[in-house]
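This report covers the overall chain and then its pockets. The sequence and model come first.

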Amino acid sequence: MVAALIGKRVPVLDKGWIELVDLMPHPESYVSGDLAIVNAARVSFLGESKGPERDKRLLFYLLRNRHTSPFEMVEFKFRVRAPLVTWWQWVRHRTWSMNAQSGRYTPFQENDFYVPDPWRRQSADNKQASEGALDAAESGELTRKLLAHYEEGFRLYSEALAKGVSKEMARLFLPGFSVYYTWVTKIDAHNLMHFLRLRMAPDAQFEIRVYAAAIYQHFFQPALPWTAEAFQKFILDLEN
């Protein structure tokens, strides 16, 4: 049931997760998310539902012909824990509303660092992408070195805090791109589909692709089954 989605938390990466905080229309509302989209489209004629078959046909027509404003009537609010290497790409999508944990107020913990597995190789024909993986021995050696790097950085961070250094300065000792942060984020269904189209693509970086896939599979599809079906048919399938 859609109501069970509120508060659902899905693990992502080694220490991350994504949780649905709220949904509009709320699952206890008299209309589903898909029907809210249809009703928004029909308000042009002061009409509402005409039954499941005609409603679904209209929703498919809207997305197929890129009449996207009705899809903005549905909103998702998430709480997300992800490493900075993920957020650095996520914030490029400025249609998201975001509020983030601050290292100026909240001290970091010893295990607040992303550990990749396996280590990926540089793509031979794409300067910004990875392709394939190092063998287990090479990956293991790099992971040991990374963990030692994290341990030393956190030791220096803790030492600075103990000396009375402000949190905003002590965090300079922490390895930047790997630190996990928790954010609250909100977006409408129209712009979420744009985000999913780009970030679920095979050439998207793995560390954001897994979050996009979790949103799509665990939240977007269950909350908006008609919209997800149309999205797959008219947007994703056409690009693959």
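## Chain overview

Of the chain's 240 residues, 41% count as buried. The model is a predicted one. Its secondary structure amounts to eight helices and seven strands.

Taken along the principal axes, the C-alpha atoms occupy a box of roughly 65 × 45 × 30 Å. The exposed area of the chain is about 13,400 Å², with 54% of it supplied by carbon and sulfur atoms. Among contacts between residues at least 6 apart in sequence, 70% link residues at least 24 apart.

## Largest pocket

The largest pocket holds about 270 Å³ of space. Its lining consists of Val85, Tyr114, Pro116, Pro118, Trp119, Arg120, Leu146, Tyr150, Phe177, Ser178, Gln205 and Glu207. By class, eight of these residues are nonpolar, two are polar and two are charged.

## Second largest pocket

In the second largest pocket there is about 160 Å³ of space. The residues lining the second largest pocket are Arg120, Gln122, Gln128, Ala129, Ser130, Pro202, Asp203, Ala204, Gln205, Phe206 and Arg209. Strand 5 (120-122) and helix 7 (206-223) are the elements that each contribute two or more residues to this lining. The class split for the second largest pocket is four nonpolar, four polar and three charged.

## Residues in both linings

Arg120 and Gln205 appear in the lining of the largest pocket and also in that of the second largest pocket.

Conventions:
Residues are numbered from 1 along each chain as its sequence is written. This is a predicted model: local features need pLDDT of at least 70, side-chain atom pairs count only at pLDDT 80 or more; totals for chains, interfaces and linings use all residues. Side-chain values use heavy atoms; hydrogens and water are left out. On a 1 Å grid over the protein atoms alone, a cavity is a set of points where a 1.4 Å probe fits but cannot get out, and a pocket is an open set with protein on both sides within 12 Å along at least five of seven lines; lining residues have an atom within 4 Å of a point. Grid points are joined across faces, edges and corners, and a volume is the space filled by probe spheres set on the points. Ala, Val, Leu, Ile, Met, Phe, Trp, Tyr, Cys and Pro count as nonpolar, Asp, Glu, Lys and Arg as charged, and the others, Gly among them, as polar. Helices (H or I, at least four residues) and strands (E, at least two) are DSSP runs, numbered from the N terminus. Buried means under 20% relative accessible area, exposed over 50%, partly exposed in between (1.4 Å probe, protein chains only). Contact means heavy atoms within 4.5 Å. Accessible areas come from the Shrake-Rupley method with a 1.4 Å probe; for residues, only the protein chains shown count as cover.
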